[in-house]
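Trainee: Got a minute? I'd like to walk through this one with you.

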Amino acid sequence: MNIDSISNGVVLDHIQAGRSMEIYRHLHLDQLDCQVAIIKNARSEHKGRKDIIKIDSPMELDLDVLGYIDKDITVNIIRDGKLKEKKHLELPRKLVNVIRCRNPRCITTAEPQLDAIFLLSDAHVYRCAYCETEESRQTP
């Protein structure tokens with residue numbers, strides 16, 4: 001299978017196999033007016049299998065969303081056909097409007113205009129800033 005290289009854009013590499021469509025939805029890539037290639041289950045020496053997303057247009061990415069979904073993603077910024085910058089992600093300490101609180105008594109349920117804020121309490125658990133309800137990171 002051949003997927004053309006991009007001259008100006010972004011390549012999301014080392015995505016955990018099966019997570020590319022979740023990223024596609026969270027980043028609203030369907031609303032872009034450019035080519036977007038999703039490669040699922042590509043062979044990887046380190047992971048066995050991985051997903052890759054190529055976006056053929058420069059754009060700002062929400063690195064907190066990407067870090068929450070999969071902190072092992074590598075963000076490659078391509079300019080004039082060459083790698084300009086490579087970013088490695090980590091779990092964000094704070095998430096705003098990425099996940100919603102499941103607690104029906106939380107203030108965000110009664111007042112949905114409030115930002116849903118979650119804070120990282122340890123390597124895998126986020127807590128609602130208002131009611132401290134736990135939200136575990138999901139794995140596919």
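Mentor: Sure, we'll go from the overall fold to single residues.

Trainee: What kind of model is it?

Mentor: It is a predicted model.

Trainee: How many helices and strands does the protein have?

Mentor: There are 3 helices and 9 strands. Along the sequence the order is β-α-β-β-α-β-β-β-α-β-β-β.

Trainee: And what box do the C-alpha atoms fill?

Mentor: Roughly 50 × 30 × 25 Å, taken along the principal axes.

Trainee: What percentage of the residues count as buried?

Mentor: Of 140 residues, 39% are buried.

Trainee: What about contacts between residues at least 6 apart in sequence: what share joins residues at least 24 apart?

Mentor: That share is 54%.

Trainee: Let's take strand β1. Why is it described as largely enclosed?

Mentor: β1 covers residues 9-16, and 6 of its 8 residues are buried, so the rest of the structure largely encloses it. Buried here means under 20% relative accessible area.

Trainee: Which way do β1 and β4 run, parallel or antiparallel?

Mentor: Antiparallel, with 5 bridges joining them. β4 spans residues 74-79. Val10 stands opposite Ile77 of β4.

Trainee: How many bridges does β1 make with β3?

Mentor: 5 bridges, in the antiparallel sense. β3 is residues 48-55. There, Leu12 stands opposite Ile53.

Trainee: Now the interior. How many residues are in the largest nonpolar core?

Mentor: It has 27 residues. Those with the most contacts inside it are Leu12, Ile23, Leu27, Leu66, Ile73 and Val75.

Trainee: Which elements give two or more residues to this core?

Mentor: β1, β3, α2, β4, β7 and β8 do. α2 is residues 63-69, β7 is 117-122 and β8 is 125-128.

Trainee: Which of them gives the largest share?

Mentor: α2, with 4 residues of this core.

Trainee: Pick Ile23. What is it in contact with, leaving aside neighbours within four places in sequence?

Mentor: Ile23 contacts Leu12, Ile15, Ile53, Leu66, Ile69 and Ile73. Leu12, Leu66 and Ile73 are also on the list of core residues with the most contacts.

Trainee: What lies apart from that core?

Mentor: Another core, of 6 residues, lies apart from it. Its members include Ile6, Val11, Ala42 and Ile52.

Trainee: Switching to pockets. What volume does the largest pocket have?

Mentor: About 150 Å³.

Trainee: Which residues line the largest pocket?

Mentor: Met59, Glu60, Leu61, Leu63, Val75, Ile77, Arg79, Lys84, Glu85 and Lys87. Two elements give two or more residues to the lining: β4 and β5, the latter at 82-88.

Trainee: How do the lining residues divide into nonpolar, polar and charged?

Mentor: 5 are nonpolar, none is polar and 5 are charged. Val75 belongs to this lining and is also one of the core residues with the most contacts. Ile77 is in the lining too, and it is the residue that Val10 stands opposite.

Trainee: Backbone next. What is phi of His14?

Mentor: Near 65°, a positive value in a residue other than glycine. His14 sits in strand β1. It counts as partly exposed because its relative accessibility is 26%.

Trainee: And Glu132, where does that lie?

Mentor: In the loop between β8 and β9, with β9 at 134-136. Glu132 has a positive phi of about 65°, and it is not a glycine either.

Trainee: Is Glu132 buried or exposed?

Mentor: Exposed, because its relative accessible area is 53% and the cut-off is over 50%.

Trainee: What about Thr108: buried or exposed?

Mentor: Thr108 is buried, at 5% relative accessible area. It lies in helix α3, residues 107-110.

Trainee: What does Thr108 touch, not counting residues up to four places away in sequence?

Mentor: Arg100, Cys101, Leu114, Asp115, Ala116 and Tyr130.

Trainee: Last one, Cys34. Where is it found?

Mentor: In the loop between α1 and β2. α1 is 20-26 and β2 is 36-44. Cys34 is partly exposed, with a relative accessible area of 25%.

Trainee: Which residues does Cys34 touch, beyond those up to four places away in sequence?

Mentor: Ile55, Asp56 and Ser57.

Trainee: How far apart are Cys34 and Gly9 in space?

Mentor: 9.9 Å, C-alpha to C-alpha. In sequence, Cys34 and Gly9 are 25 residues apart.

Definitions and conventions
Residues numbered from 1 in each chain as written. Predicted model: local features only at pLDDT ≥ 70, side-chain atom pairs only at ≥ 80, totals over all residues. Heavy atoms only, no water. Buried < 20%, exposed > 50% of the residue type's maximum accessible area, 1.4 Å probe, protein only. Pairing = 2+ DSSP bridges. 1 Å grid on protein atoms, 1.4 Å probe; cavity = no way out; pocket = protein on both sides within 12 Å on 5 of 7 lines; lining within 4 Å. Points joined across faces, edges and corners; volume = space filled by probe spheres on them. Nonpolar A, V, L, I, M, F, W, Y, C, P; charged D, E, K, R; others polar. Core = buried A, V, L, I, M, F, W, Y, C linked by side-chain atoms within 4.5 Å. Contact = heavy atoms within 4.5 Å.
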